[in-house]
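Got the viewer open? Grab your mouse and follow along, one selection at a time.

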Amino acid sequence: YIKTRFDELKTTFDLRVLLCVLDDRSTPSAPISTSSEHIVELNQLCVLNNFTLILAATVEEAGRWLESFK
């Protein structure tokens with residue numbers, strides 16, 4: 001889904017940001033290393049598609065990031 005959205009938005013905006021909220025709860029089915037691998041993959045996609053990746057630790061922090069772009 002993210003790759004498709006990147007392609008759709010590639011030339012639409014000058015500033016392209018992917019804002020992600022990290023879930024720090026680790027479960028046996030989703031160990032931390034798997035989460036790290038996903039973040040690395042998202043970062044690579046962002047670099048290749050001229051997006052800025054912002055990682056927020058909480059929903060409140062993500063909200064503050066959104067406010068800063070108004």
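Start by selecting leucine 45. Setting aside residues within four places of leucine 45 in sequence, its contacts are Lys3 and Phe6; contact here means heavy atoms within 4.5 Å. A quick word before you go on: this is a predicted model, where local features need pLDDT of at least 70 and side-chain atom pairs count only at pLDDT 80 or more, while totals for chains, interfaces and linings use all residues. Residues are numbered from 1 along each chain as its sequence is written, and side-chain values use heavy atoms, with hydrogens and water left out.

**The core around leucine 45**

Keep leucine 45 selected and add Phe6, Leu18, Cys20, Leu42, Cys46 and Phe51: with Leu45, these make up the largest nonpolar core, seven residues in total. A nonpolar core is a set of buried Ala, Val, Leu, Ile, Met, Phe, Trp, Tyr and Cys residues joined through side-chain atoms within 4.5 Å. Buried means under 20% relative accessible area, exposed means over 50%, and partly exposed is in between (1.4 Å probe, protein chains only). In soluble globular proteins, nonpolar side chains tend to be buried together.

Which elements give two or more residues to this core? They are β1 (17-21) and α2, and α2 supplies the largest share, with three residues.

**Two cysteines**

Now pick out cysteine 20 and cysteine 46 from that core. Cysteine 20 is buried, because its relative accessibility is 15%. Cysteine 46 is buried as well, at 1%. Are they bonded or apart? The sulfur of cysteine 20 has its closest cysteine sulfur in cysteine 46, but the distance is 7.1 Å, too far for a bond. A disulfide is a pair of cysteine sulfur atoms within 2.5 Å, and by that rule the count is zero.

**Zoom out**

Switch to a cartoon view of the protein chain. How many helices and strands does the protein chain have? There are three helices and two strands, and along the sequence they follow the pattern α-β-α-β-α. Helices (H or I, at least four residues) and strands (E, at least two) are DSSP runs, numbered from the N terminus.

Next, turn on the surface. The accessible surface of the protein chain is about 5,600 Å², and carbon and sulfur atoms own 57% of that; such areas come from the Shrake-Rupley method with a 1.4 Å probe, and for residues only the protein chains shown count as cover. Of the 70 residues in the protein chain, 17% count as buried. Look at the contacts, too: among those in the protein chain with a separation of 6 or more, 73% are between residues 24 or more positions apart.

**The loop after α2**

Go to asparagine 49, in the loop between α2 (32-48) and β2 (52-56). Is asparagine 49 buried or exposed? Asparagine 49 counts as buried, because its relative accessibility is 11%. A polar atom of the asparagine 49 side chain lies 2.8 Å from the backbone oxygen of leucine 45, the residue where you began. A polar contact is a pair of N or O atoms within 3.5 Å; within protein, one must be able to donate a hydrogen and the other to accept it, and residues adjacent in sequence count only if both atoms are side-chain atoms. Not counting neighbours within four places in sequence, asparagine 49 is in contact with Phe6, Asp7, Lys10 and Arg16.

Follow one of those contacts to lysine 10, in the loop between α1 (2-9) and β1. Lysine 10 and asparagine 49 are 39 residues apart in sequence, yet 7.0 Å apart in space, C-alpha to C-alpha. Lysine 10 is partly exposed, at 36% relative accessibility.

Then select asparagine 50, which is in the loop between α2 and β2. Asparagine 50 is exposed, with a relative accessible area of 58%. Check its backbone angle: phi is near 60 degrees, a positive value in a residue other than glycine.

**Last stop: a pair of rings**

Finally, show side chains for tryptophan 65 and phenylalanine 69. Their ring centres are 6.3 Å apart and their planes are at 25 degrees, so the pair is stacked. Rings of Phe, Tyr and Trp (its six-membered ring) pair if their centres lie within 6.5 Å; planes under 30 degrees apart count as stacked, over 60 as edge-to-face and the rest as tilted. The structure holds two aromatic pairs. Tryptophan 65 is partly exposed at 34%, and phenylalanine 69 is partly exposed at 42%.
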